[in-house]
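Visitor: Could you take me on a close look at the ligand site, and then show me how the rest of the protein is arranged?

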Amino acid sequence: MKDRPSFPARMPASVPAKKTKLGGLPNAPQGLGMDSGAVRRRMVEKLTAQGLRDPLVQAAMGSVERHRFVDSGLANQAYEDTSLPIGLGQTISKPSVVARMIELLRKGVDGRLGRVLEIGTGCGYQAAVLSHLATEVYSIERLRGLHDKARLNLRPLRLSSVHLLFGDGMLGYPAGAPYAAIIAAAGGEAIPQAWIEQLAVGGRLIAPVLGTSAPAGAKAGSANGQSLVLLEKTPQGVRQTVLEAVHFVPLKSGLA
Ligand code: SAH
């Protein structure tokens with residue numbers, strides 16, 4: 001692949017002033033002194049240093065332009081390992097958490113995952129990352145404003161395998177079931193039964209869950225904090241593993 005900047009952070013002087021501001025692209029980070037591909041490569045290097053091993057997840061994280069999914073005022077923070085506000089009290093997840101959850105879903109899978117269900121589209125960033133790793137992505141959002149925002153953010157990427165749905169993700173999306181993987185970006189008190197029913201046998205589900213105490217050795221959360229839970233559906237039944245403490249926005253029912 002040709003290593004070409006996707007946009008210049010500093011436009012040549014000959015370019016008219018009004019086009020220089022965002023390098024012709026919405027939400028382009030300014031003042032970084034390098035192109036966003038290089039900034040993403042550095043982000044992936046950091047994720048790798050923190051333990052990310054899956055080469056397909058590394059490639060996906062390196063190719064999705066996270067700065068396109070946040071307000072232009074926050075674009076210069078887009079490649080830091082931090083969650084950022086996306087409006088309506090919600091946040092885009094930290095890159096390290098997105099990478100970790102997707103790596104857990106892909107464990108033991110060669111090549112692409114099949115159909116994946118995402119609960120909590122938010123700004124659409126994680127759905128874009130998932131589109132590199134799954135044949136189809138069904139992503140549900142309960143807030144109309146964010147569902148519309150994700151649609152706008154994803155439109156220029158022309159990802160025909162991403163299906164954005166406005167609805168209550170607590171109910172899953174039976175029309176796309178069974179899913180090879182289910183990923184929740186919001187934490188509830190328990191994993192809804194509908195998700196377990198819609199998961200394929202052999203499939204994996206990852207979700208933040210409230211009040212699950214992390215096992216000894218894991219980074220402890222506060223008493224009523226959330227932990228990441230991995231659920232595997234096998235022919236013998238479901239197996240749940242409680243992983244590290246995490247901080248996600250709450251899983252809520254109903255639409256708004
Ligand atoms: N994956 C997103 C993260 C968004 S934050 C991203 O990349 O930006 C989690 C989202 O879950 C919020 O937008 C919130 O509105 C949504 N959410 C919470 N409960 C939900 C539910 N029951 N159904 C669908 N979405 C829900």
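Guide: Happily; we will begin at the ligand and then move through the cores, a few single residues and the backbone.

A word on the model first: it is predicted, with local features needing pLDDT of at least 70 and side-chain atom pairs counted only at pLDDT 80 or more, while totals for chains, interfaces and linings use all residues. Residues are numbered from 1 along each chain as its sequence is written, and side-chain values use heavy atoms, leaving out hydrogens and water.

Now to the ligand. There are 26 residues around the ligand, and those that come nearest are Cys123, Glu141, Asp168, Gly169 and Lys252. To be near here, a residue must have one of its heavy atoms within 4 Å of the molecule. By class, this shell has 12 nonpolar, 9 polar and 5 charged residues. In that sorting, Ala, Val, Leu, Ile, Met, Phe, Trp, Tyr, Cys and Pro are nonpolar, Asp, Glu, Lys and Arg are charged, and the others, Gly among them, are polar.

Several elements supply at least two shell residues each: strand S2 (90-92), helix H5 (125-131), strand S4 (134-141) and strand S11 (249-250). The largest share, 3 residues, comes from S2. Helices (H or I, at least four residues) and strands (E, at least two) are DSSP runs, numbered from the N terminus.

You will also find polar contacts to the backbone, that is, pairs of N or O atoms within 3.5 Å; within protein, one atom must be able to donate a hydrogen and the other to accept it, and residues adjacent in sequence count only if both atoms are side-chain atoms. A ligand nitrogen is 2.7 Å from a polar backbone atom of glycine 169. For glycine 120, the distance from a ligand nitrogen to a polar backbone atom is 3.1 Å, and for arginine 142 it is 3.3 Å. Taken alone, the ligand exposes 580 Å², and the protein buries 99% of that. Accessible areas come from the Shrake-Rupley method with a 1.4 Å probe; for residues, only the protein chains shown count as cover.

Stepping back, the protein has 7 helices and 11 strands. Of its 256 residues, 49% are buried, where buried means under 20% relative accessible area, exposed means over 50%, and partly exposed lies in between (1.4 Å probe, protein chains only). The accessible surface of the protein is about 12600 Å², with 54% belonging to carbon and sulfur atoms.

Next, the interior. In soluble globular proteins, nonpolar side chains tend to be buried together. A nonpolar core is a set of buried Ala, Val, Leu, Ile, Met, Phe, Trp, Tyr and Cys residues joined through side-chain atoms within 4.5 Å. The largest one here has 49 residues, of which Met61, Tyr125 and Ile206 touch the most other members. Helix H4 (residues 95-106) gives the most to this core, with 7 residues. A second, separate core of 21 residues includes Ala186, Trp195, Leu199 and Leu205.

Contact, meaning heavy atoms within 4.5 Å, shows how individual residues fit in. Leaving aside neighbours within four places in sequence, isoleucine 206 has contacts that include Met101, Leu104, Ile182, Leu228 and Leu243. Leucine 47, found in helix H2 (residues 36-49), is buried because its relative accessible area is 5%. Not counting residues up to four places away in sequence, leucine 47 touches Leu52, Met61, Pro95, Ser96 and Ala99. The C-alpha atoms of leucine 47 and proline 95 are separated by 8.1 Å, although these residues are 48 apart along the chain.

Glutamine 226 lies in strand S9 (residues 226-234) and counts as buried because its relative accessibility is 8%. A polar atom of the glutamine 226 side chain lies 2.5 Å from the backbone nitrogen of phenylalanine 248.

Finally, the backbone. Most residues other than glycine have a negative phi, and most peptide bonds are trans. Leucine 88, in the loop between strand S1 (84-87) and S2, has a positive phi near 55°. Arginine 158 also has a positive phi, about 50°, and lies in the loop between helix H6 (144-154) and S5. Leucine 88 is exposed, with a relative accessible area of 55%, and arginine 158 is exposed at 75%. The peptide bond from alanine 177 to proline 178 is cis, with omega near 0°; proline 178 lies in the loop between strand S5 (162-166) and strand S6 (179-184).
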